[in-house]
Amino acid sequence: MAQTAPSGTQVAQVAPDAAPAAPHRPGRPLRRLRIYPRYEAEPDVYPRYNPGPNAVRDCTADYVKEYRPSGTVIVPRMHCYWRPG
């Protein structure tokens, strides 16, 4: 099949017997990802597990120096853990 093009313009054509880039696999349905809504509020305490009845959260807080590019700053730091109550 011959086509004429104006001088300076090139025309690209695909041969009719060329294979497609990604072959389609017939008979295999696409996988679907099910997304379930969360109805529970996420806990904001680490670790995220139920420590059991009568557990008490024990926390210690202090101030520490952090060295940043803008200069040294003092920031609060808190460490918590669960203990039997």
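A salt bridge here is a side-chain nitrogen of Lys or Arg within 4 Å of a carboxyl oxygen of Asp or Glu. In this predicted model, Asp-58 and Arg-83 form such a pair, with their closest N and O atoms 3.7 Å apart. The protein has 85 residues, with two strands and zero helices. Searching the whole structure gives three salt bridges, and the disulfide count is one.

**Overall make-up**

- Of the 85 residues, 2% count as buried.
- The accessible surface of the protein is about 9,200 Å², and carbon and sulfur atoms account for 54% of that area.
- Taking the contacts between residues at least 6 apart in sequence, 33% join residues at least 24 apart.

**Salt bridge between Asp-58 and Arg-83**

- The closest N and O atoms of Asp-58 and Arg-83 are 3.7 Å apart, and the cut-off for a salt bridge is 4 Å, so the pair qualifies.
- Asp-58 belongs to strand S1 (residues 55-68) and Arg-83 to strand S2 (residues 71-84), so this salt bridge ties together parts that are 25 residues apart in sequence.
- Asp-58 has a relative accessibility of 25% and therefore counts as partly exposed.
- Arg-83 also counts as partly exposed, because its relative accessibility is 36%.

**Salt-bridge network at Glu-66**

- Side chains of opposite charge can pair when their charged atoms come close.
- Glu-66, Arg-68 and Arg-77 are linked in a network of salt bridges.
- One link in the network is the salt bridge of Glu-66 with Arg-68, at 2.8 Å from N to O.
- Another link is the salt bridge of Glu-66 with Arg-77, at 2.6 Å from N to O.
- The pair of Glu-66 and Arg-77 links distant parts of the chain, with Glu-66 in strand S1 and Arg-77 in strand S2, eleven residues apart.
- Glu-66 is partly exposed, at 24% relative accessibility.
- Arg-68 is partly exposed, with a relative accessibility of 41%.
- Arg-77 has a relative accessible area of 33% and is likewise partly exposed.

**Disulfide**

- Cys-59 and Cys-80 are joined by a disulfide, with an S to S distance of 2.1 Å.
- The torsion about the S-S bond of Cys-59 and Cys-80 is about 115°, so the disulfide is right-handed.
- Cys-59 sits in strand S1 and Cys-80 in strand S2, 21 residues apart, and the pair links distant parts of the chain.
- The relative accessible area of Cys-59 is 32%, which means that Cys-59 is partly exposed.
- Cys-80 counts as partly exposed at 24% relative accessibility.

**Pro-53 and Pro-84**

- Pro-53 is found in the segment before S1.
- With a relative accessible area of 75%, Pro-53 is exposed.
- Pro-53 and Pro-84 are 31 residues apart along the chain, and their C-alpha atoms are separated by 8.4 Å.

**Links between the two strands**

- The salt bridge of Asp-58 with Arg-83 runs from S1 to S2.
- The salt bridge of Glu-66 with Arg-77 also has one partner in S1 and one in S2.
- The disulfide partners are divided in this way too, with Cys-59 in S1 and Cys-80 in S2.

Definitions and conventions. Residues are numbered from 1 along each chain as its sequence is written. This is a predicted model: local features need pLDDT of at least 70, side-chain atom pairs count only at pLDDT 80 or more; totals for chains, interfaces and linings use all residues. Side-chain values use heavy atoms; hydrogens and water are left out. Helices (H or I, at least four residues) and strands (E, at least two) are DSSP runs, numbered from the N terminus. Buried means under 20% relative accessible area, exposed over 50%, partly exposed in between (1.4 Å probe, protein chains only). A disulfide is a pair of cysteine sulfur atoms within 2.5 Å. Contact means heavy atoms within 4.5 Å. Accessible areas come from the Shrake-Rupley method with a 1.4 Å probe; for residues, only the protein chains shown count as cover.
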